[in-house]
Amino acid sequence: MMKKIFLALAAMIFVCGCAEKCTRSSLPQTPVANSFLTITGKSKYQIIFPDLPANSPRIAIYARAANMLHQALKEGVGLAAPIRMESKALKGYKGIFIGDTKAARAAGINVQNHPNFGFVIKEKEGNIFIAGMDKTRLNQPEKRGLAWVYYILGSVNGCVKFAEKYLNTRFLYPGEKGIDYAAKVGKFTIPVGLNEVCVPQLVFASHTPDMFYSYSNNAYSYGDFKSYGGHSYYDAVPAAKYAKTHPHYFAFRGGKRNPIGNHLCISNPEVQDLIYQEMVKWAKKGAFAIQLAQTDGYNPCECKNCKAYGNTDDEGEKLWILHRDLAARFYKEYPGKFAHIICYGPTGTPPKTFTKFPPNVIIELCYYTQENFDEWKKYEVKGGFTTYVYNWGWYNRVGFLPKRTPKFCADQVRLFIRNGVRGVYRCGFGENYGLEGPAYYVYGQMFNDIKQNEDNLVNDFIRRAFHESSVPMKLFYQTLNTRLEIYSALQKTAAMPTNPRVLVTAILSSDVVDVLEKNLERAEKLAKNPKVKARLELVRVEFDYVKALAKALHFYNTYRLNPNKETFALLAGAVEQRNKLIESYADPKTKKTRVYSKNWPMLRIFGNPGVSVLKENGRLTAPINAPLTWNIPLLKKQNILPGVGKKVLRIPRATGVVSTTDFTKGSWAKAKWHNMNGIQLGAITEKTRFKALYDAKNVYFAFESDVAPDKKFTALGKDGICWGQDCMELILDPTGTRDIYYHLMVNPIENSYYDEAFGLITDELNPLYNKPDGSWNCKWSYTTRRKGGKWYVCFTIPFASFNVPPAAPGTIWYGNFGREAFFGGKKGTLELSLWSPNLETMSFHDRETLGDLIFE
């Protein structure tokens with residue numbers, strides 16, 4: 001019986017539809033002389049919400065909804081409708097009833113029939129009822145101060161949709177300044193006998209900062225889904241809790257258990273049970289579905305049992321098998337609850353060893369083309385699908401620039417609805433409310449009806465957002481979106497530039513920036529309405545950043561073509577102006593971005609990134625270092641033209657024994673210190689310098705680097721993931737061809753080192769052709785020690801290890817020297833230092849940047 005109930009519930013929640021389903025009752029209505037109820041400024045209406053305990057947070061929520069309807073009526077028809085709790089309703093007035101009121105029940109409305117943000121709008125005897133199930137998410141207890149995002153508010157969804165459809169209101173941006181009410185329209189009309197029942201297409205959606213904007217744009221909240229934002233393993237088996245006491249819970253790599261990255265030993269029954277108990281914990285708290293998702297950047301365990309797990313060598317398949325089995329156990333013990341399994345990274349393609357999931361599985365797709373959906377049609381997934389979209393976020397290659405066009409948004413929503421998607425996590429959404437406002441609007445509104453035309457939605461947005469300034473703003477957005485199509489068209493194709501600087505300058509060509517500036521200036525001059533001025537302020541703040549970025553990068557391209565003092569002066573001026581602009585965005589208390597202005601107290605510039613991230617224009621694939629992070633004052637002071645000339649390291653020949661711990665005595669005294677700078681000449685927090693010697697058998701590289709005394713490191717053994725923590729790196733090409741090089745790396749702790757070779761494999765059919773070969777090993781050694789805030793390390797490398805003869809005076813190698821420094825833990829920042837800078841990419845491996853190593 002429980003399983004039948006479970007399947008019925010699943011069908012109710014995960015029904016396929018064309019979009020939000022709003023239907024009017026087909027029941028016979030009492031004949032009336034006039035088929036429409038008319039509301040004017042002379043109508044006697046009050047807005048009523050349920051009686052609640054004095055400490056209930058829903059009082060404030062319902063009051064906000066009531067005030068919004070009050071304002072819509074007042075501005076539209078001049079009706080100042082009183083707002084009352086039901087027990088204090090005024091006599092002689094008709095009512096607009098919000099929520100589960102006694103009157104709504106008497107009118108035949110049962111809110112239990114309208115779960116998951118659904119609602120009914122009903123007219124009866126001149127009264128209007130707007131009601132849906134209103135409850136806390138995950139059955140949290142109601143307590144004072146509980147915010148709207150912790151609720152499932154069908155009645156609020158109904159109020160918003162009622163205001164849009166029948167009171168001609170628009171929710172264009174988060175906050176009061178983003179609401180556009182119909183002005184002086186004379187009357188509003190509502191069909192007599194209206195009985196409109198709405199079942200939202202989405203039951204799971206990431207939210208925005210504002211309740212009304214979120215509900216208008218189908219971004220209510222996660223509902224009764226427990227979401228971790230993408231990865232549940234961190235919470236199920238946290239390294240902070242178990243690394244010391246249960247090291248066997250974590251991945252075996254490089255010859256030892258390694259908790260860095262929180263990667264797990266998935267064959268360990270105790271680990272499996274901890275993951276399962278995390279699901280149980282949230283099921284008991286009231287979650288309908290619990291996310292089940294491996295760690296980000298997944299690194300598999302290499303222990304014997306994990307290698308044998310699932311009888312497959314495919315690491316993604318092992319995860320699919322584990323997650324399927326956990327879901328099957330969950331289905332047996334907690335019928336009616338769902339496992340929300342992520343399809344991402346190693347599980348990015350469907351499983352190969354089975355095609356049927358337990359009935360309680362929902363798949364969260366991170367890859368969602370029509371081809372992906374077609375592939376999943378071969379599988380039995382009764383729980384259906386949600387998506388985790390990467391449309392936005394400053395990890396995209398264009399960083400903080402606007403990214404998506406209205407057409408892109410409309411096409412994606414149509415794709416999702418046609419393939420039965422019932423939930424969308426919008427990663428990174430909301431960075432550009434000014435520049436992407438129309439695109440955001442289209443994305444949210446299309447979930448109501450995919451038959452809508454996106455151009456009509458854009459025109460509606462621009463007309464309602466900008467009124468007297470709408471003509472130049474229409475030209476502004478047409479110009480911008482035409483150019484943004486480049487990004488969407490190139491994404492996931494071989495033609496997409498890997499260098500974000502190339503992509504950004506292609507999108508922000510000088511002619512486009514000029515047209516955008518002229519139209520925005522014209523719109524600002526025409527603006528009279530205070531709300532229009534506030535909305536243009538959003539656009540201006542974001543566009544000024546875009547313009548400053550474009551100017552700096554175009555001057556950089558000019559400098560690269562003709563590097564001289566004049567072109568550098570232009571470039572330096574543009575970079576300094578941009579830095580000053582970004583500093584004006586900073587909140588001095590948080591070192592993150594401030595609010596746009598007093599007009600937008602809930603919105604922080606570009607979604608509140610750190611100012612340091614803004615200076616690089618993003619993270620992951622987005623950072624543009626040169627020239628944005630150049631230390632311009634230092635370059636001016638030292639009269640340096642970046643990129644001009646080649647780095648040279650002269651290596652003296654040693655006499656006598658070479659110390660590997662004291663870099664001041666003996667032959668080291670005649671070796672010159674060389675400094676590392678930021679990889680693209682930016683400022684460095686933990687500074688590094690080095691020197692070199694050689695003798696008849698070996699070459700020696702000695703380093704002295706800053707390292708915070710409180711930093712702790714894990715010994716990873718040989719060929720562990722040394723790049724996951726602070727490390728010192730050598731790139732050496734002893735052949736002088738730039739076709740072959742060797743890469744050596746050590747951490748600030750003993751027994752933690754790595755080596756690999758590039759270019760030794762010449763077979764083009766070999767998977768490692770033109771890639772680093774981590775299986776290569778050679779004989780070399782190092783000493784490492786820390787004292788105070790310093791780290792000292794010396795590499796000793798026999799010439800024979802590289803299969804080259806001992807160096808003689810005049811021998812020339814190519815090489816580079818790098819340092820990685822991590823700050824702020826898992827979600828912190830990575831600082832890259834390099835001797836010979838790489839002005840084009842953030843890589844130590846660019847052979848064109850290698851400097852000359854001259855043996856004397």
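**View 1. Trp-630 and its contacts in the predicted model.** This close-up is taken from a predicted model. Trp-630 touches residues from several stretches of the chain. Leaving aside neighbours within four places in sequence, its contacts include Tyr-556, Tyr-559, Phe-568 and Leu-571. Asn-625, Leu-635 and Pro-642 are also in contact with Trp-630. So are Gln-680, Leu-681, Gly-682 and Leu-839.

**View 2. The largest nonpolar core.** This core holds 193 residues. Which of them touch the most other members? They are Leu-69, Ile-363 and Trp-630. Helix H18, residues 530–561, gives the most to this core, with 16 residues. A second, separate core has 35 residues. Among them are Leu-649, Phe-690, Val-707 and Phe-713. In soluble globular proteins, nonpolar side chains tend to be buried together.

**View 3. An open sheet of seven strands.** The strand order is E14-E22-E21-E20-E19-E18-E15, and the pairing is parallel. The edges are E14 (204–205) and E15 (225–226), and each pairs on one side only. Helix H8, residues 269–285, packs on this sheet. H8 touches E15, E18 (289–292) and E19 (338–343). The direction of H8 makes about 155° with that of E18. At the other edge, E14 pairs with E22 (residues 421–426) over two bridges, in the parallel sense. Phe-204 stands opposite Gly-423 in E22.

**View 4. Strand E19, with a neighbour on each side.** Is E19 buried or exposed? Six of its six residues are buried, so the strand is largely enclosed by the rest of the structure. Both faces are covered. Phe-338, His-340 and Ile-342 lie on one side; Ala-339, Ile-341 and Cys-343 lie on the other. E18 pairs with E19 in the parallel sense over four bridges. There, Leu-292 stands opposite Ile-341. Five bridges join E19 to E20 (residues 361–365), and these two strands also run parallel. Ile-342 stands opposite Glu-364 in E20.

**View 5. Strand E6 between antiparallel partners.** E6 covers residues 119–124, and five of its six residues are buried. E6 pairs with E13 (residues 195–199) in the antiparallel sense over four bridges. Lys-122 has Asn-195 of E13 as its bridge partner. Five bridges join E6 to E7 (residues 127–131), again antiparallel. The bridge partner of Ile-121 in E7 is Ile-130. The hairpin of E6 and E7 has two residues between the strands. In this hairpin, Glu-125 takes a positive phi near 55°.

**View 6. Trp-780 stacked with Phe-795.** The count of aromatic pairs comes to 70. Trp-780 and Phe-795 form a stacked pair, 5.8 Å centre to centre, with 15° between the planes. Trp-780 is in the loop between strands E33 (752–758) and E34 (781–787). Phe-795 belongs to strand E35, residues 790–798. The two residues are 15 apart in the chain. Trp-780 counts as buried because its relative accessibility is 13%, below the cut-off of 20%. Phe-795 is buried too, with a relative accessible area of 0%.

**View 7. A ring cluster, and charges over rings.** Ring pairs link a cluster that includes Phe-204, Tyr-222, Phe-225, Phe-288 and Phe-338. Tyr-388, Tyr-390, Tyr-395 and Tyr-425 also belong to the cluster. Two arginines show another arrangement. The charged end of Arg-329 sits over the ring of Tyr-276, 3.8 Å from its centre. The charged end of Arg-426 sits over the ring of Phe-429, 5.6 Å from its centre.

How values were computed:
Residues are numbered from 1 along each chain as its sequence is written. This is a predicted model: local features need pLDDT of at least 70, side-chain atom pairs count only at pLDDT 80 or more; totals for chains, interfaces and linings use all residues. Side-chain values use heavy atoms; hydrogens and water are left out. Two strands pair if DSSP finds at least two bridges between them. Contact means heavy atoms within 4.5 Å. Axes are lines fitted to C-alpha atoms, for helices over the stretch in contact, and angles run from 0 to 180 degrees between N-to-C directions. Buried means under 20% relative accessible area, exposed over 50%, partly exposed in between (1.4 Å probe, protein chains only). A nonpolar core is a set of buried Ala, Val, Leu, Ile, Met, Phe, Trp, Tyr and Cys residues joined through side-chain atoms within 4.5 Å. Rings of Phe, Tyr and Trp (its six-membered ring) pair if their centres lie within 6.5 Å; planes under 30 degrees apart count as stacked, over 60 as edge-to-face and the rest as tilted. A charge sits over a ring if NZ of Lys or CZ of Arg is within 6 Å of the ring centre and within 35 degrees of the ring normal.
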